[in-house]
Amino acid sequence: MSKSFAKKWPMQIALVVWAVLAACLPALAQQQAALATSSSSVHAIVAASTATNNAARSDAAAAQAAFNRAWTVFASPRCRNCHPSGDAPLQGEDGHVHIQDVKRGPDGKGVYGMKCSTCHQVANLPGANMPPGNPKWSLPPANMKMVIQGETAGEFCRQLKDPAKNGHRSLAQIIEHVSSDDLVGWGWNPGEGRTLPPLDRPEFVAAMKAWVDNGAACPQ
Ligand code: HEC
Ligand code: HEC
């Protein structure tokens, strides 16, 4: 089968196809970068990351140090509370199990009769101990839990890179997610009485980008 296929498609044709692709790819990358820079500064960081990816160095120690820095944010209550090891969200600075027997459900949006959106609105409700809000408020789905609770930096790093566990996302898509996803952004606008992550968002994105640009090695 592959032999007769090769006869019908001589090497010359393969070379022409390859040359056309090689000519188009840089143009596409440029267009993407231009689109990205036209929006927010966070997008500019992403564009810079995509552009430098071609020249990715491989410096394992620098990558591990950058990931350890980013991990301080992942491990903070604002991120960890929605990334539990079990099937209930966590609450508060101490990460206690969510009261009212709230459960993840297959899609992360709760179970029948106890949906997240019953209490969590599209924005934070004012006042201490009121439900925080976002249009997408939910846990990750049951088939992609993306667990932070109880993980070490290294364990979480390997989970984040594993296509089978991260929804088949590339490193560039992970950077895009932490840069511009709205739920991630909620971590820095969490409502009254909740602490902020230890780095601000641009510092966090810069650490993630440094991790990828240095070859994305995971801490032990
Ligand atoms: C309200 C709950 C909630 C909060 C708070 C939350 N997340 Fe998530 N997180 C989710 C959901 C839901 C998904 C799955 C999203 C998807 O598949 O698009 C997810 C997925 C992720 C992923 C995996 C996405 C990928 O591209 O592989 C990362 C990384 C992540 N969150 C980081 C964070 C960080 C960092 C914070 C804190 C600043 C945070 N999350 C806070 C609900 C939350
Ligand atoms: C019966 C109402 C109710 C339902 C249903 C509900 N929540 Fe909550 N949730 C609350 C309230 C109220 C708070 C605030 C508690 C506080 O600050 O003391 C809260 C807080 C949280 C927090 C803590 C945020 C933080 O960092 O401190 C997370 C995470 C959370 N809910 C996730 C969910 C998810 C995911 C669902 C659906 C699977 C859900 N909740 C369903 C009422 C509810």
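This is a short dialogue on reading a predicted model of a protein with two ligands.

Visitor: How many helices and strands are there in the protein?

Guide: The protein has 10 helices and 4 strands.

Visitor: In what pattern do they follow along the sequence?

Guide: Read each α as a helix and each β as a strand. Here the pattern is α-α-α-α-α-β-β-β-β-α-α-α-α-α.

Visitor: What share of the residues is buried?

Guide: A residue counts as buried when 20 or more other C-beta atoms lie within 10 Å of its own. In this protein, 22% of the 220 residues are buried.

Visitor: What share of the contacts join residues at least 24 apart?

Guide: Taking contacts between residues at least 6 apart in sequence, 61% join residues at least 24 apart.

Visitor: Which residues come nearest to ligand 1?

Guide: They are C79, C82, P140, H177 and G187, out of 24 residues around ligand 1. α4 (60–74), α5 (77–80), α8 (171–180) and α9 (182–186) each give at least two residues to this shell. The largest share, 4 residues, is from α8. By type, the shell around ligand 1 holds 14 nonpolar, 8 polar and 2 charged residues.

Visitor: And which residues are closest to ligand 2?

Guide: P89, G110, C116, C119 and N129 are the closest of the 24 that surround ligand 2. Both α5 and α6 (116–119) supply at least two residues of the shell, and α6 has the largest share, with 3 residues.

Visitor: How do the residues around ligand 2 divide into nonpolar, polar and charged?

Guide: The shell around ligand 2 has 11 nonpolar, 10 polar and 3 charged residues.

Note on methods:
Residues numbered from 1 in each chain as written. Chains lettered and ligands numbered in written order. Predicted model: local features only at pLDDT ≥ 70, side-chain atom pairs only at ≥ 80, totals over all residues. Buried ≥ 20, exposed ≤ 12 C-beta atoms within 10 Å, placed from the backbone. Contact = placed C-beta atoms within 7 Å. Near = placed C-beta within 6 Å. Nonpolar A, V, L, I, M, F, W, Y, C, P; charged D, E, K, R; others polar.
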